[in-house]
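Me: Please go through the charged contacts and the small sheet of this protein with me, one question at a time.

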Amino acid sequence: MPTRIQPKKERRANGVYWVVSLGKKYTGRSRHRQYFVSRKEAKTFVTLSEESRRRLGCEAFVLPTSLRVEALACSQRLKELNVTLTQAVEFFIRNIPQPDTAKSLEELKEEFLKSRKAMNCRPRTIVQYESYLRIISVEFGKVDVTKILRQDIEDWLEESGWSPRTRKNYLVTLTTFLNFAVGKGYRTDNPAASINRPILDDRPVGILTVEQVRGLLRAAKKFDAEMIPALVTGLFAGLRRSEVFALDWSEIDWEHRTIEVKGIKAKTRQRRLVSIADNLVGWLNPRRKEDGRICPERNIDLFSERLRELAVKAEITPWPHNAMRHSFGSYLLGKTRDENLTATEMGNSPEVIIKHYRALVRDTDVTAYWNVASENMR
């Protein structure tokens, strides 16, 4: 049976609308009057009202018209997702942050750092987290973690002026931090996780020439002899900077000519033994001790600063990134022709060795590198 209610077009000061009027006899209460931009929306409302009145009688109009219209609009949007209005409400109630659990990024930062320490992250890693989060807090520190949006993060990164590598580092840190916030129940999603990482150019490794190695060690002999054990360990044993910094003299086995890099000190957390080359024995033996750190500094940044000063004195500018370890890898692969052996010595995979170190040095330079001896540096 056709409905007796028909939408009517009505011209108002701000435009033309379709109006539906439900009188007191229809609602059993007060008159309801609702405006719509289109006739289709108005007729949908009429259909809903007729169905509700048939099923519930006048009780269908207990709710305000505006609320019923909103419920209809929400229900139609959720239908595309195959979700009911009840399911959506229940999900919202379960996941809405409670006032007593809402936290700003700055407030959550200490909780995050404490969790990283409990996970046994390295002190150096903790320092890096602190450094990155200090900068992130300048932008988002006072913001409730639930209010940080993807667009906010993208705008911040785009306006930073940082290199792609730096932007990637901050994005990875923020992703890790917000994953922690999700895990703790402070928010339900991680907007940083869906942002594409900047594409980085394949940066070729930088190595030292044989003459630069000699120049560096001459400078160390003349200006900073305390640095020599750490330098030659990096150059001729290939330890990472953090591994050199943590190495103790007691971890050198002179009888078997190996250096033990303990798992707790290795980047990969895996123990390995590194062979001591003939020229390295010559450099270390006159300076050997029973125990104590090989590195003369207790602060890794101060160690790096002393290394940079020696590089300047040796006229090695710019100093290639990770130059000592990369030099070791290149010259060792040139000497052994064995990527598996080189990978074992360096604590890497053969794939990394092949990608970065193959065919970087000439045979004559390889021989000269492994003959850089203390007695020839006068």
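Salt bridges, sheet and surface charge

Reply: The side chains of Glu211 and Arg218 come together in a salt bridge, at 3.5 Å from N to O. This is a predicted model, in which local features need pLDDT of at least 70 and side-chain atom pairs count only at pLDDT 80 or more, while totals for chains, interfaces and linings use all residues. Residues are numbered from 1 along each chain as its sequence is written, and side-chain values use heavy atoms, with hydrogens and water left out.

Me: How many salt bridges does a search of the whole structure find?
Reply: A salt bridge here is a side-chain nitrogen of Lys or Arg within 4 Å of a carboxyl oxygen of Asp or Glu. Some are linked in a network, which includes Asp224, Glu226, Glu297 and Arg306. For the whole structure, the number of salt bridges found is 19.

Me: In which helix do Glu305 and Arg308 lie?
Reply: The side chains of Glu305 and Arg308 meet in a salt bridge of 2.8 Å, N to O. Glu305 is partly exposed (from 20% to 50% relative accessible area with a 1.4 Å probe, protein chains only; buried means under 20% and exposed over 50%), since its relative accessibility is 34%. The two residues are 3 residues apart, about one turn of the helix, and that helix, a DSSP run of H or I with at least four residues, is α13 (residues 300-313).

Me: Is Arg362 buried or exposed?
Reply: The side chain of Arg362 meets that of Asp365 in a salt bridge at 3.1 Å, N to O. Asp365 is partly exposed, with a relative accessible area of 23%. Arg362, with a relative accessible area of 58%, is exposed.

Me: Which are the edge strands of the open sheet?
Reply: The sheet has 3 strands (DSSP runs of E, at least two residues) in the order β4-β5-β6, with antiparallel pairing. Two strands pair if DSSP finds at least two bridges between them; β4 and β5 pair over 2 bridges, and β5 and β6 over 4 bridges. Those that pair on one side only, and are therefore the edge strands, are β4 (252-253) and β6.

Me: Which residues of strand β6 point to one face and are buried?
Reply: In a regular strand the side chains alternate between the two faces of the sheet. Along β6 (residues 272-275), Leu273 and Ser275 point to the other face and are not buried. The residues that point to one face and are buried are Arg272 and Val274.
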